[in-house]
Amino acid sequence: MDSTIVHLPDLPTQARRLVDLGVARLAGIDDAAIVDAAAAAADTGNALLVPHPELLAPSAAAPLLTRAGKSGFVVVDMTDLDDFTPITGVDLPAGPFYLLSDIDRGDAMANWSPDEALPSITGATRTPLTIGEGIAWLLQQPGQLQPNRCFMTIGSRLRKPNGRLDARTPAIWISGGTGRDGRERKGAPKVGWCWAGNRHMWLGFASAVDRRSIS
């Protein structure tokens, strides 16, 4: 799998960004808690500071996304977004914040299906991003969401009561302002879903090297 790793801002800069976005208010914590988390991990390399989904649910974080002056949104038929949890083999570190290293948007796998992409990602000793991690990344680097260069976050899936996986896989792309999105949302970041067996030319598969706790 070809990989193009993005260069992330340093962790103190990321913490300030989260503070400025109002993450602490949404999470019910003090701004200092975010700054302190970044300081505790300041000796790490190219890592993303990720709020744990138990601290900041994806549905609460999605409206903080921005593009072309427009706020992000969740598609109307994904009211169960927060019920999508990490797949087997994706273990989130404990604590209110953790680190995600060396993110790749996965452009090389555009027009692959999620079912095809997952074995390639794990076979390259990488891990697929969850939907919360994908949102956390775009909060720091909104410009990584580009026309025809968007991505799925197949580290999250919804498990049905019978134990089987729901066929939907979360993704983040740019709204065309059609259908139930509404014309006023054209160009806005869109949190939605795709079928696990379908291919889309404009969607890659975001992944990372690993997740680490903040000690």
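In the predicted model, the lining of the largest pocket draws at least two residues from each of strand S4 (73–74), strand S10 (168–174) and S11. S11 makes the largest contribution to this lining, with three residues. The pocket encloses about 240 Å³ of space. Its lining comprises 17 residues, and those nearest the centre are Val75, Asp77, Trp173, Asp181 and Lys190. Sorted by class, the lining of the largest pocket holds seven nonpolar, five polar and five charged residues.

Two of the residues nearest the centre of the largest pocket, Asp181 and Lys190, are also joined to each other by a salt bridge, with an N to O distance of 2.9 Å. Lys190 has a relative accessible area of 12%, and the corresponding value for Asp181 is 8%. Because buried residues are those under 20% relative accessible area, Lys190 counts as buried, and Asp181 does as well.

The second largest pocket contains about 160 Å³ of space. It is lined by 13 residues, with Pro53, Pro58, Phe84, Thr85 and Pro86 lying nearest its centre. Strand S5 (85–86) and H6 each provide at least two residues of this lining. The lining of the second largest pocket consists of eight nonpolar, four polar and one charged residues.

Closed spaces were searched for as well. Side chains and backbone do not always fill the interior, and rolling a probe the size of a water molecule over the atoms shows where empty space is left. The whole structure has two cavities of 30 Å³ or more. The largest cavity holds about 90 Å³ of space. It is lined by 13 residues, and Pro51, Leu56, Gly132, Glu133 and Ala136 are the closest to its centre. Two or more lining residues come from each of S1, helix H4 (58–61) and H6, and H6 gives the most, with five residues. By class, the lining of the largest cavity has 10 nonpolar, two polar and one charged residues.

The second largest cavity holds about 30 Å³ of space. Its lining is made up of Leu65, Thr66, Leu138, Pro142, Leu145 and Pro189. Five of these lining residues are nonpolar and one is polar, with no charged residues.

Helix H6, which supplies residues to the lining of the largest cavity and of the second largest pocket, is also a packing partner of helix H1. The buried residues of H1 (residues 11–21) are Leu11, Gln14, Ala15, Leu18 and Leu21. Viewed along the axis of H1, these buried residues fall within an arc of 125 degrees, and they therefore line one face of the helix. They pack against helix H2 (23–27), helix H3 (31–40), strand S1 (47–51), strand S6 (97–101) and helix H6 (131–140). S1 thus appears both in this packing and among the elements that line the largest cavity. The residue following H1 is Gly22, which has a positive phi, near 85 degrees.

Charged pairs were examined across the model. Side chains of opposite charge can pair when their charged atoms come close. The whole structure contains nine salt bridges, among them the Lys190–Asp181 pair of the largest pocket. Another salt bridge joins Arg199 to Glu116, with the closest N and O atoms 2.5 Å apart. This pair connects distant parts of the chain, 83 residues apart: Arg199 lies in the loop between strand S11 (189–195) and strand S12 (203–205), and Glu116 lies in helix H5 (residues 114–123). Glu116 has a relative accessible area of 33% and is partly exposed.

A further salt bridge is formed by Arg168 and Asp166, whose closest N and O atoms are 2.8 Å apart. Arg168 and Asp166 are both buried. The two residues also belong to a network of salt bridges that includes Asp80.

Notes: Residues are numbered from 1 along each chain as its sequence is written. This is a predicted model: local features need pLDDT of at least 70, side-chain atom pairs count only at pLDDT 80 or more; totals for chains, interfaces and linings use all residues. Side-chain values use heavy atoms; hydrogens and water are left out. A salt bridge is a side-chain nitrogen of Lys or Arg within 4 Å of a carboxyl oxygen of Asp or Glu. Helices (H or I, at least four residues) and strands (E, at least two) are DSSP runs, numbered from the N terminus. Buried means under 20% relative accessible area, exposed over 50%, partly exposed in between (1.4 Å probe, protein chains only). The arc is that of the directions from the helix axis to the C-beta atoms. Contact means heavy atoms within 4.5 Å. On a 1 Å grid over the protein atoms alone, a cavity is a set of points where a 1.4 Å probe fits but cannot get out, and a pocket is an open set with protein on both sides within 12 Å along at least five of seven lines; lining residues have an atom within 4 Å of a point. Grid points are joined across faces, edges and corners, and a volume is the space filled by probe spheres set on the points. Ala, Val, Leu, Ile, Met, Phe, Trp, Tyr, Cys and Pro count as nonpolar, Asp, Glu, Lys and Arg as charged, and the others, Gly among them, as polar.
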